[in-house]
Structures are given as structure tokens and as C-alpha cells.
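This note is written for a student who is reading a protein model for the first time. Please keep the sequence and the structure in view while working through the numbered points.

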Amino acid sequence: MKKILSVFTFILLFIPVGCGTYSFTGGSTGDAETIQIDFFQNTAVLVEPTLSQRFTVALQDLFLRQTNLKLTDTGGDLHFEGEITQYRIIPIAATAEQTAAQNRLTIAVRVRFYNRLNEEDDFEQTFSFFSDYDGSLQLTGGVLDNAYDEIFERITQDIFNAAVAKW
């Protein structure tokens, strides 16, 4: 029994060392200690007033939750900037009365990522996702909040994966 306990303790002590800078989320921040996420301006044709602030905060929250990086306003080891390039609502299904049975909100974000410690990781890429909602509903209140939650969860996770998970 003592031998099993010793082996188990040994394994537990050295597993974290073997994982290096990887986290349980699958991301590697390398030697980076700080992250800078600039405000993502909404340059889309259709402008939703709170979209820029909500997206920027969602991206910051994801990185703060899933890494041990500290958020900074300038000079971050990892730096994100960009703009919201698309905010579009289109009908995707019609009723017999020629009205929309279902609508789709699509948001696209252009991201420029700079890794000051490893410039080979830098990229510029557009990420987009959508949320479908019933055509009889207005895109306000809870419907809008749910759509943002669904879209931001996917886009921010895709950005995280591209920047630190290398997926």
C-alpha cells in the first residue's frame, strides 16, 4: 500500500511539470505574462450601439478565465486589435404568407494578433458566426442577449484557439 501511495504521489508531482505552459483549456501562452485587447470598433454597415463594448469584454473575459495572463492597456506580450466588419440580419426561412419564419443574425470580426515574443504566431483573420431566431420575434432584449451569447462564445473561442491553442 505504501508503494502504491509513493508511486501515485510521484506521478501527481511531476505531471504538471511535464505539461509545461499548457493549460487545461489546451492553450499555450508560452512565456507571455500580459495580454492587450484593444477596443473592437464596429465598422459594419448596420451598427448596434452596444456591440463593440460587449464583444471586447467577452474576448477579454475569455482570456482572463482560461489563462493566467494579466490584462494591460499597452505593451502586452500578446496583443489583439481589430474591428467588427459585419452585422447582418437576413431571413432564412419563409412562411406561406411570404413573411420570415426564421431570421439569422451574423457577426464577423477581423482580428489582428501580435505575439511580441514570437512573431511567427502573428496573424490577421476574419472570424464569423451566426444565431438563428424565430421570425415572429424582435431582435431585442432576451432574444438579442441570447444571440450575442451564442455568437460571442463561438467567435471568441475560435480566436483563442487560433492565437494560443494553434488549432
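Which residue is the bridge partner of Ile84 in β5? The points below begin with the answer; please bear in mind throughout that the model is predicted.

1. **The pairing of β4 and β5.** The bridge partner of Ile84 in β5 is Val109. This pair belongs to a longer arrangement, in which 15 bridges join β4 to β5 and the two strands run antiparallel. Strands β4 and β5 form a hairpin with 5 residues between them. Within the turn, Gln98 has a positive phi of about 65°.

2. **The parallel neighbours of β4.** Strand β4 also pairs with two strands in the parallel sense. Strand β1, which covers residues 34–37, is joined to β4 by 3 bridges. Here Gln36 has His79 as its bridge partner in β4. Strand β2, made up of residues 41–42, pairs with β4 over 2 bridges, again in the parallel sense. For Asn42, the bridge partner in β4 is Ile84. Ile84 is thus a bridge partner of Asn42 and of Val109.

3. **Side chains in a strand.** When following the strands, one general point is helpful. Side chains in a regular strand alternate between the two faces of the sheet.

4. **The salt-bridge network between β4 and β5.** Side chains of opposite charge can pair when their charged atoms come close. The structure holds 6 salt bridges. In one of them, the side chains of Arg112 and Glu81 meet at 3.1 Å, N to O. Arg112 lies in strand β5 (residues 100–115) and Glu81 in strand β4 (residues 78–94), so this salt bridge ties together parts that are 31 residues apart in sequence. Arg112 also forms a salt bridge with Glu83, with the closest N and O atoms 3.1 Å apart. Because Glu83 lies in β4 and Arg112 in β5, this second pair ties together parts 29 residues apart in sequence. Salt bridges that share partners join Glu81, Glu83, Arg110 and Arg112 into one network.

5. **Burial within the network.** Are the partners of these two salt bridges buried or partly exposed? Arg112 is buried because its relative accessible area is 17%, which is under the 20% limit. Glu83 is likewise buried, at 13%. Glu81, in contrast, is partly exposed, with a relative accessible area of 21%.

6. **A salt bridge between helices.** Arg54 and Asp145 meet through their side chains in a salt bridge of 3.0 Å, N to O. Arg54 is in helix α2 and Asp145 is in helix α3, so the pair links distant parts of the chain, 91 residues apart. Arg54 has a relative accessible area of 29% and is partly exposed. Asp145 is also partly exposed, at 32%.

7. **Ser52 in helix α2.** Ser52 is found in helix α2, which spans residues 51–66. With a relative accessible area of 6%, Ser52 is buried. A polar atom of its side chain lies 2.9 Å from the backbone oxygen of Phe40. Apart from neighbours within four places in sequence, Ser52 is in contact with Phe39, Phe40, Gln41, Asn42 and Ile84.

8. **The largest nonpolar core.** This core has 36 residues, of which Phe55, Phe63, Phe80, Tyr87, Leu105, Ile107 and Ile155 touch the most other members. Two or more residues come from each of β1, α2, β4, β5, β6 (123–134) and α3. Helix α3 gives the largest share, 11 residues. The contacts of Tyr87, residues up to four places away in sequence not being counted, include Leu105, Ile107, Leu144 and Tyr148.

9. **Helix α3 and Ile155.** Helix α3 has 25 residues and reaches 34 Å from its first C-alpha to its last, close to the 36 Å expected. Lys166 follows α3 and has a positive phi, near 55°. Ile155 lies in this helix and is buried, at 0% relative accessibility. Leaving aside neighbours within four places in sequence, Ile155 is in contact with Phe55, Ile107, Val109, Phe127, Ser128 and Phe129. Ile155 and Thr126 are 29 residues apart in sequence, with their C-alpha atoms 9.6 Å apart in space.

Note on methods:
Residues numbered from 1 in each chain as written. Predicted model: local features only at pLDDT ≥ 70, side-chain atom pairs only at ≥ 80, totals over all residues. Heavy atoms only, no water. Helix = DSSP H or I, 4+ residues; strand = E, 2+ residues; numbered from the N terminus. Buried < 20%, exposed > 50% of the residue type's maximum accessible area, 1.4 Å probe, protein only. Polar contact = N/O pair within 3.5 Å; in protein donor to acceptor, adjacent residues only side chain to side chain. Contact = heavy atoms within 4.5 Å. Salt bridge = Lys/Arg side-chain N within 4 Å of Asp/Glu carboxyl O. Pairing = 2+ DSSP bridges. Expected span 1.5 Å × (residues − 1). Core = buried A, V, L, I, M, F, W, Y, C linked by side-chain atoms within 4.5 Å.
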